[in-house]
Amino acid sequence: MPPIKMKQSPNHTAQTLATSTTSSQEARRLVRETMRISANLASSPSPPANPPTLSQSALLEDEFLGSTLRLICYEEIDGRRWKYVAERDASGRFKKNSIRAVGLQTPQAPVEELMGFIRSYVVPEGFPDSVIPSYVPYMTWRALKHFFGGAMGVFTTKTLLNSVGVSKSQAIPGAVAINWILKDGAGRVGKMLYARQGKKFDYDLKQLRFAGDLLMELGAAVELATAAVPHLFLPLACAANVAKNVAAVTSTSTRTPIYKAFAKGENIGDVTAKGECVGNVADLLGTGLSIMISKRNPSLVTTFALLSCGYVFSSYQEVKSVVLHTLNGARFSVAVESFLKTGQVPSLHEGNVKENIFNFPWLNDRSISLGPRFKDAFQDPRAYLAIEPLFERERYIVTYNPSKDKVYALLKDQAKPDDIVKAAFHAHVLMHFIHSSNNNCSSPSKQQEYGHSDFILTAADLESHIAESCKMVSTLYAPFKSKAAEQGWRMSESHLNPGRARLVLNS
């Protein structure tokens, strides 16, 4: 079938030609517009990698429409935001050194500006996320302690000056200077002698810190006593300065470990600097208040009593608020006793709160001696020979002296850090076991034997108690270590302060 041919009318042909002409004109206009846009894009700087946000687009439209400025980027510091703009020349290129910052936030009130300025001096950057929670109570009590200390310093200095004769016209300037130099010299000698304590500042940090503050108050009391006996100024002032310099050594030696415990990450320097700033500010405030009070000539005894009580109480609360991760003798005792009674190891905060601050390292009344001399632990050779086989596989030996009610944990020369921790744990287990047995003993004569007869305990009961404690330790030591680690205690960095004596056994 042949194709059907449609005949077009003249009017239809004219419409087709008009449409074709219109399409060609629109195409030419589109090409010209595309070329113009491309040229503008080629002459302008490249757009940023990230597309502008709605707020940035609004700023571009509202602020930079018809302007030579162009938005570069935004910046934020501690919640405050800035925008950076740059100026373009007539050709659309950026001018050199034309970048400037424009603040996006409204100006802060003077009070807020002042608080921000103070915070930059007294709290570490990133506070409170940069420190542990116990930092705030510690710094609060530290500031209060320095406040009382600064106030006390005014009265002690005034008393010393009056006692040495500075306010008296008949005083000889040379003698005054010599007395003062001798006083300071004695203090420096005391500081050097006390510095030999060494690692005790790490083992019993809180105890020594509190003892140092007590010495500081003792020195202040001796200085005030020179007002009553000015003719004894030199010996009293020397003694007071020795006490205060010893306290200063203690404060300096324990400062870094305490700040290290508060720091999160590598910001110990920042935490230390801000902590010292808080102490200095509180000291200045206390000094200023004390100067105003001293003009009214108050009673020295009453003033010293009030300020000293405030200082000692603040010092006690200060050291109690420190949370350390290591186990010294006092915290280790808290952890083991809680584990033996409840089966749980206390948390870091609980263990530090229960630590005995008055358990000073120079006191020899502790119920457990770690690393003692052999002659202190054994007086009867039969006692040693009876229990020595029980510790053949251990690197320590534990025994008990009923006359002193004291457990001795002797260390062998092969003892490693974990063996020292295990020996201390075994000593606490033995002490707990003996005390529990004595409490359950109903015979008065038997109790008398426990208290006065070494032979009976050594030959019969003591050996069985030690054997039972060995079985308990073999079962309980691993769970104790595991639960202590779960609570955050650092068992590998224990500060149990063992003695230097070691048993050297024949092979």
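**Group meeting: a walk through one predicted model**

Okay, let's begin with Ser 120, which sits in helix H3, the stretch from residue 110 to residue 122. Keep in mind throughout that this is a predicted model. Is Ser 120 buried, partly exposed or exposed? Its relative accessible area is 41%, so Ser 120 counts as partly exposed. Now look across to Lys 274: that residue is 154 residues away from Ser 120 along the chain, yet the two C-alpha atoms are separated by 8.5 Å.

Let me zoom out for a second. The protein has 507 residues, and 37% of them count as buried. In secondary structure terms, you're looking at 17 helices and eight strands. And for the contact-map people: take the contacts between residues at least 6 apart in sequence, and 71% of those join residues at least 24 apart.

Right, on to a helix pair. H7 covers residues 205-225 and H8 covers residues 233-262, and the two pack with their axes 8 Å apart, at an angle of about 155°. So how do they run relative to each other, roughly parallel or roughly antiparallel? An angle over 145 degrees counts as roughly antiparallel, and H7 and H8 are therefore roughly antiparallel to each other. The crossing of H7 past H8 is left-handed. By class, the residues in this contact come out as 14 nonpolar, five polar and four charged. If you want to click through some of them, the H7 side includes Leu 205, Leu 208, Gly 212, Leu 215, Met 216 and Gly 219. Over on H8, the residues that H7 meets include Leu 236, Ala 240, Ala 243, Ala 247, Thr 250 and Ile 258. There are charged residues to look at too, among them Arg 209 and Glu 223 in H7, and Lys 244 and Arg 255 in H8.

Next, the sheet. Three strands make up an open sheet, ordered E5-E7-E6, with mixed pairing. E5, residues 368-370, and E6 are the edge strands; each has a single partner strand, so one side of each has no neighbour in the sheet. From one strand to the next, the twist averages 15°.

Let's stay with E6, residues 396-401. How many of its six residues are buried? Six of the six, so to speak the full set. Both faces are covered, too: Tyr 396, Val 398 and Tyr 400 are buried on one side, and Ile 397, Thr 399 and Asn 401 are buried on the other.

E6 pairs with E7, residues 406-411, in the antiparallel sense, over six bridges. Want a couple of register points? Tyr 396 has Leu 411 in E7 as its bridge partner, and Val 398 stands opposite Ala 409. The two strands form a hairpin with four residues between them, and in that turn Asp 405 has a positive phi of about 50°.

Last stop: His 428, in helix H15, which runs over residues 417-440. Buried or exposed? Buried is under 20% relative accessible area, and His 428 has 12%, so His 428 is buried. What does His 428 touch, leaving out residues up to four places away in sequence? Phe 332, Ser 333, Val 336, Leu 340 and Ile 368. Ile 368 takes us back to the sheet, as E5 is residues 368-370.

That's my tour.

How values were computed:
Residues are numbered from 1 along each chain as its sequence is written. This is a predicted model: local features need pLDDT of at least 70, side-chain atom pairs count only at pLDDT 80 or more; totals for chains, interfaces and linings use all residues. Side-chain values use heavy atoms; hydrogens and water are left out. Axes are lines fitted to C-alpha atoms, for helices over the stretch in contact, and angles run from 0 to 180 degrees between N-to-C directions. Angles under 35 degrees count as roughly parallel, over 145 as roughly antiparallel, 65 to 115 as roughly perpendicular and the rest as oblique. A crossing is left-handed if the near helix is turned anticlockwise from the far one by less than a right angle, and right-handed if clockwise. Contact means heavy atoms within 4.5 Å. Ala, Val, Leu, Ile, Met, Phe, Trp, Tyr, Cys and Pro count as nonpolar, Asp, Glu, Lys and Arg as charged, and the others, Gly among them, as polar. Buried means under 20% relative accessible area, exposed over 50%, partly exposed in between (1.4 Å probe, protein chains only). Two strands pair if DSSP finds at least two bridges between them.
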